[in-house]
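Please read the following note with the structure open beside you, and look up each residue as it comes up. The points are meant to be taken in order.

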Amino acid sequence: MAVRVSLLAAALLVAVSCFHATASDPSLLQDFCVVDKMSKVRVNGFPCKDANDAMVEDFFFSGLHMAGNTTNKQGSAVTPVNVAQIAALNTMGISLARIDYAPFGQNPPHTHPRGTEILTVLEGSLYVGFVTSNPDNKLFTKVLNKGDVFVFPQGLIHFQFNYGTKNAVALAALSSQNPGVITVANSVFGSKPSIPDDILAKAFQVDKMTVDRIQAQF
């Protein structure tokens, strides 16, 4: 009986280990795996081109010194540096983003389905926060100043708001080559085709006219 319990425990440990191993970006099995943009092969990620065809430009991006255009409804701009910008990030499990905020601008509530985010304020101050999953939905918030760092766990809804009268800048690192982003309002009210009014009205406990007014913004 003891042997069976031990074997079961070992099997569970292996299963859990395998689950965690497959729950993140693929690990490197060679020095690098530069994206082959011409390949028609479809894999979870991107196929590699021949290492002999790799160029230094595959490992390079220039532009994070430039401020993003914040003249939009949210007053913010995200400049991503993921596998789409640096082909050699394929299989490396990391990426970056510069985020610019106009005075009273925000990076609205959103999630990254494939990556944890660690954010550093470079200029200005930000009010940031994230919400835990159901059923608690606990809000964690903090005011960050220049040099402060904050972590947003993978998949949780989070936001940043520049409550100051000057521009703010932050640098975010993410634990995925392609972390993805789901902006809550855009997804719910700006889907194509639209989610039916009666569903949204019931979900948010408002009337259909309110839903229509919100959807018109997206």
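**Notes on a predicted model**

1. A good place to begin is L28, which sits in the loop between α1 and β1. Please keep in mind throughout that the model is predicted. With a relative accessibility of 35%, L28 counts as partly exposed, because a residue is called buried under 20% and exposed over 50%, and partly exposed in between.

2. Which residues does L28 touch, once those up to four places away in sequence are not counted? They are C33, N90, T91 and M92. For one of these residues, N90, the separation from L28 is 62 residues in sequence, while the C-alpha atoms of L28 and N90 lie 8.9 Å apart in space.

3. C33, which L28 touches, is also part of a disulfide with C48, in which the two sulfur atoms are 1.8 Å apart. The two cysteines are 15 residues apart, and both C33 and C48 are placed in the loop between α1 (2–22) and β1 (76–81). A search of the whole structure finds one disulfide.

4. Why is this disulfide described as left-handed? The reason is that the torsion about the S-S bond of C33 and C48 is about -90 degrees. The two partners can also be described by their accessibility: C33 counts as buried, at 2% relative accessibility, whereas C48, at 39%, counts as partly exposed.

5. It helps to step back to the whole chain, which has four helices and 10 strands. Read from the N terminus, the order of elements is α-β-β-β-β-β-β-β-β-β-β-α-α-α. The chain has 218 residues, of which 33% count as buried, and its accessible surface comes to about 13,700 Å², with 62% of that surface belonging to carbon and sulfur atoms. If one takes the contacts between residues at least 6 apart in sequence, 68% of them join residues at least 24 apart.

6. An unreviewed UniProt entry lists H110, H112, E117 and H158 under "binding site"; this is a statement of the record, and such annotations may be inferred rather than shown by experiment. The listed residues are spread over 49 residues of sequence, yet they cluster in space, with a largest C-alpha distance of 11.8 Å. From this set, H110, H112 and E117 take part in the lining of the second largest pocket.

7. Where in the chain is H110 found? Strand β3, which covers residues 106–111, contains H110, and this histidine counts as buried at 2% relative accessibility. The side chains of H110 and H112 are joined by a polar contact of 3.5 Å. Beyond its neighbours within four places in sequence, H110 is in contact with several residues, including E117, H158, V181 and T183.

8. H158 can be read in the same order of questions: H158 lies in strand β8, residues 158–161, and counts as buried at 1% relative accessibility. Its side chain is joined to that of E117 by a polar contact of 3.0 Å. Leaving aside neighbours within four places in sequence, the contacts of H158 include H110, H112 and E117, and among the others are G129, F130 and F152.

Key:
Residues are numbered from 1 along each chain as its sequence is written. This is a predicted model: local features need pLDDT of at least 70, side-chain atom pairs count only at pLDDT 80 or more; totals for chains, interfaces and linings use all residues. Side-chain values use heavy atoms; hydrogens and water are left out. On a 1 Å grid over the protein atoms alone, a cavity is a set of points where a 1.4 Å probe fits but cannot get out, and a pocket is an open set with protein on both sides within 12 Å along at least five of seven lines; lining residues have an atom within 4 Å of a point. Buried means under 20% relative accessible area, exposed over 50%, partly exposed in between (1.4 Å probe, protein chains only). Contact means heavy atoms within 4.5 Å. A polar contact is a pair of N or O atoms within 3.5 Å; within protein, one must be able to donate a hydrogen and the other to accept it, and residues adjacent in sequence count only if both atoms are side-chain atoms. Accessible areas come from the Shrake-Rupley method with a 1.4 Å probe; for residues, only the protein chains shown count as cover. A disulfide is a pair of cysteine sulfur atoms within 2.5 Å.
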